[in-house]
Each structure stands twice: as structure tokens, then as C-alpha cells.
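Q: I'd like a close look at one part of this model, with the criteria behind each term spelled out. Please start with how its elements pack, then follow the surroundings residue by residue.

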Amino acid sequence: MNGYEIRALAAGEERAAFEVLGRALHATVTDELWRRRAASFPAERRFGAFTGEQVVGVAGSFATRLAVPGGKALPAAAVDGVAVRADHTRRGVLTALMAAQLADCARRGDVLATLHASEATIYGRFGYGAATRGKTVRITPAAFRGDAPAGGTVRLLTTAEARELLPGLYAEMGLNRPGMIERPDVWWSYARERLIGEHHVAVHTGPRGDDGFVLYRTEDRRTFDHPNRGAALVVQDLHATSTTAAAGLWRFLLRVDLVSEVRAPGRPLDEPVGAMLADPRACAVNGVDDDTWLRLVNVPAALAARSWGPGEPVVIEVTDPQLPANTGRYRLSPPGTRTTTAAAGLRVTPETLAMLYLGDARPSTLAAIGRIDVADPAALPHADALFATAVPPWCGTGF
């Protein structure tokens, strides 16, 4: 393709590829930064675009498992770095890299692929759809209602304690909603150095032991005109196994002295922080944004693994030019999914199917805006019921 070679990275080529990624993200890759990131940027599962021996593009991922409706966790690729050097963009390099990566994911047995999109216009053409969302909240210190969940204790950890404790605690807590992913060692190799090293860490302990944690940092909000303005606490990572544990962590954050507000981006859409406060207006939602994008690499396996709501059977037709093995008709019903030759009620692209799969979007909503080809309008309410989930999907892990 125009003189470019797409191939798997070899040992020793990692830093050159990382520098392409760093430049694309407008970061300077120093020796110190590479020292901190090398362990989390292995050559395995990473593809480069080369002109001769020079890396001009990169696409990589790490292996994980992703929770789907019904509680199963499926093999997935977490795409953690895609970039093309500025002087080689718009020449088909990205398309070739993504094709190589998807084919590799399929060979490895990944059922799903997921990513955080730096730009929302890029990944739809590769079959990714926005599948989870998060809200950004800004909370001013406020008292909790008397009937808000309470119990347990919160303790601050040293950096060394946090690096030792958090990987096991996150694993023990489990993937408790669709969209969450396991955090493998390659993820923690970065998190121990960067996330934990640059944040305060607090852990909630309930009757059965540690059951929640939060990572947060402090931002100074003082100015010449407002020299006594309190700091802002910015929440990086907050997970809990129960509403009581989550309430305990939020209560802790809102009671830290000399703090004027707590900011938390990317929180679950249904997280009820404001409803627990005596003044619910103290918790403002400042925005709702796409969080993770999803790609069904193995459509039959993905559809067979998730649970379905109590709707009548619906036949959907999927056309997937990039992964032709996915193309076909599938009968969805609560007892399970199977391929079929019956007429399709709904026709979807891989991107649209990804938007539906975890339960974030309703089929009828996407049909109304032209994202689904409706052959049988009677199928829409049944599809709405089938794809519906008890809670909104959420990832809660940056990568």
C-alpha cells in the first residue's frame, strides 16, 4: 500500500512506536517517561506502519475480559494506542493498521474490542460504536441526608500500600456492571507508577473487609483575587461493591478540610450522589460524554454470551465487510441466540450493533434517526425489550 509495510512490532521497536503515539498526543517522550511506561507498552499485540525501518504509525492493545449483560466476562482487546505520524496521515495508514489489528484479534479469539476514542469521528468506519457513557459531576461540600447509607470506615494508604493492595482489591470486587473490564498486569504496571504514584488513595472497609477505593488528586484554586479559595479534589478512580461503600467514599471526599468542590468525570449515569445530599443541587452534572467504544469481533459468540430481556424473538441481519464471518442473520430471544435463514426484521451495521450490545442505546431510538434499517416495524418494541439492561453500562477504567 503506497510503499508502507504493516507488520507486528518486534522486540526493540517499542520506544520508536511509543514516540509516534506520544507525538500524536502532543506529549514529549523523555527517557524518564519511557522508563515509566515501557512495561505497559510491550511489542506483543502491537502493529506498526513502517517506511523502511522507520515507524510512522502504531496500533496496539492488551488482552482483558469485558463484562456483558447477564454477568459473563468475554475475551476482549483493550485498544490502548492508535496513532499515525502527522506527515503520513490521510494515506490509508490508519485503515491498514486497524484492519491488521482486527484480523489479529479474531485470530487470538477475542470476542470484543474496546477503546477510548480521542476523536468521535474516527472509529465508526472500523465497526466501533459508542457503547458506554459517563457523566461529569461537580459537588460542593454538603451534608448527607439522615437516611443516606452509612457504615464502615475509610483510611488513607501510603503509595507503597496502595500499589500492593489495589490490584487484588479491584479483582476481588469483580465486574459488577456491563462494560467493566478486568485490569491485567500490563495495565497495573502503568497504574502503579503513574495513577497511584500521582494520587491520594483511600479505601473503604465494611463488615466483610475492604469493599471500595478512590484515587484523587488536589488542584489549587487560589488566585490573587481569591487567596483563600478552597482546593478542588479531582476523582480519578472510584469503585465500590455497594451503595454503602460508595456513600462512605463520597462522604469522606466531601469532608476533606479546605476543599471547595469535588470534581469527578466519567461517573456512571445512574450514580445517585446528589440524591444522598440534603441539598441535591450541591451536585451538578456538568456533562455526559461517550466513554468506551465497542467492536464485536465475533458476533455469533458475543450475541450468544449475553442475556436478553423478556421480548419476543427478533431476527437481525448484520453485514460486516471487515470481518465477513460475522455477516448473517441472528434470531435473538431470551432462551438464546442462533443463526437463521428467516427474514430479518432489523438490519444493522457493526457500529450500530455495538451501540446496542451493552444496553446503552435503544433500537427504537437508533431506528428513528436512521441508524437501523427497519424491515418490520413490529420488531422494534421487542428489540427494545431484548436489549434492555437493568443498569446503564459503564467501564470505569482508563487505558
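A: What follows begins with a helix pair and then moves on to other helices, strands and loops.

Two notes on the basis come first. This is a predicted model, in which local features need pLDDT of at least 70 and side-chain atom pairs count only at pLDDT 80 or more, while totals for chains, interfaces and linings use all residues. Residues are numbered from 1 along each chain as its sequence is written, and side-chain values use heavy atoms, with hydrogens and water left out.

Two packed helices are described by the angle between their axes and the distance between the axes. Here the pair is H4, residues 159-173, and H5, residues 185-193, which pack at an angle of about 140° with their axes 10 Å apart. Helices (H or I, at least four residues) and strands (E, at least two) are DSSP runs numbered from the N terminus. The axes are lines fitted to C-alpha atoms, for helices over the stretch in contact, and angles run from 0 to 180 degrees between N-to-C directions. The angle therefore makes H4 oblique to H5; under 35 degrees would count as roughly parallel, over 145 as roughly antiparallel and 65 to 115 as roughly perpendicular, with the rest oblique.

The crossing of H4 and H5 is right-handed, meaning that the near helix is turned clockwise from the far one by less than a right angle (anticlockwise would be left-handed). On the H4 side, the contact is made by Arg-163, Leu-166, Pro-167 and Tyr-170, and on the H5 side by Trp-188, Arg-192 and Glu-193. Contact means heavy atoms within 4.5 Å. Sorted by class, this contact of H4 with H5 has four nonpolar, no polar and three charged residues. In that sorting Ala, Val, Leu, Ile, Met, Phe, Trp, Tyr, Cys and Pro are nonpolar, Asp, Glu, Lys and Arg are charged, and the others, Gly among them, are polar.

Now for the buried side of H5. Its buried residues are Trp-187, Trp-188, Tyr-190 and Ala-191. They cover an arc of only 160° around the axis, so they sit on the same side of H5; the arc is that of the directions from the helix axis to the C-beta atoms. Buried means under 20% relative accessible area, exposed over 50%, and partly exposed in between (1.4 Å probe, protein chains only). The buried residues of H5 pack against helix H2 (31-37), strand S3 (54-67) and H4.

H2 and S3 appear again with H1, whose buried residues pack against H2, S3 and S4. Those H1 residues are Glu-14, Ala-17, Phe-18, Val-20, Leu-21 and Gly-22. After H1 comes His-26, with a positive phi near 60°, in the loop between H1 (14-24) and H2. His-26 is exposed, with a relative accessible area of 77%. In S4 (residues 73-84) you will find Asp-80, which counts as buried because its relative accessibility is 18%. Leaving aside neighbours within four places in sequence, Asp-80 is in contact with residues including Leu-21, Ser-40, Arg-46 and Phe-399.

Back towards H4, Met-173 is one of the contacts of Ala-240, along with Asn-176, Asp-211, Gly-212, Ala-245 and Ala-246, once neighbours within four places in sequence are left aside. Ala-240 is found in strand S11 (residues 231-240) and is buried, with a relative accessible area of 18%. Its C-alpha is 8.7 Å from that of Val-214, 26 residues away in sequence.

The last stop is H6 (residues 243-254), where Leu-254 has its place. Leu-254 is buried at 7% relative accessibility, and its contacts beyond four places in sequence include Ile-139, Phe-144 and Val-262. Val-262 lies in strand S12 and is buried at 1% relative accessibility. Pro-141 is 121 residues from Val-262 along the chain, yet their C-alpha atoms are separated by 7.8 Å. Between H6 and S12 (259-267), the loop holds Leu-258, a residue other than glycine with a positive phi near 60°. Leu-258 counts as exposed at 75% relative accessibility.
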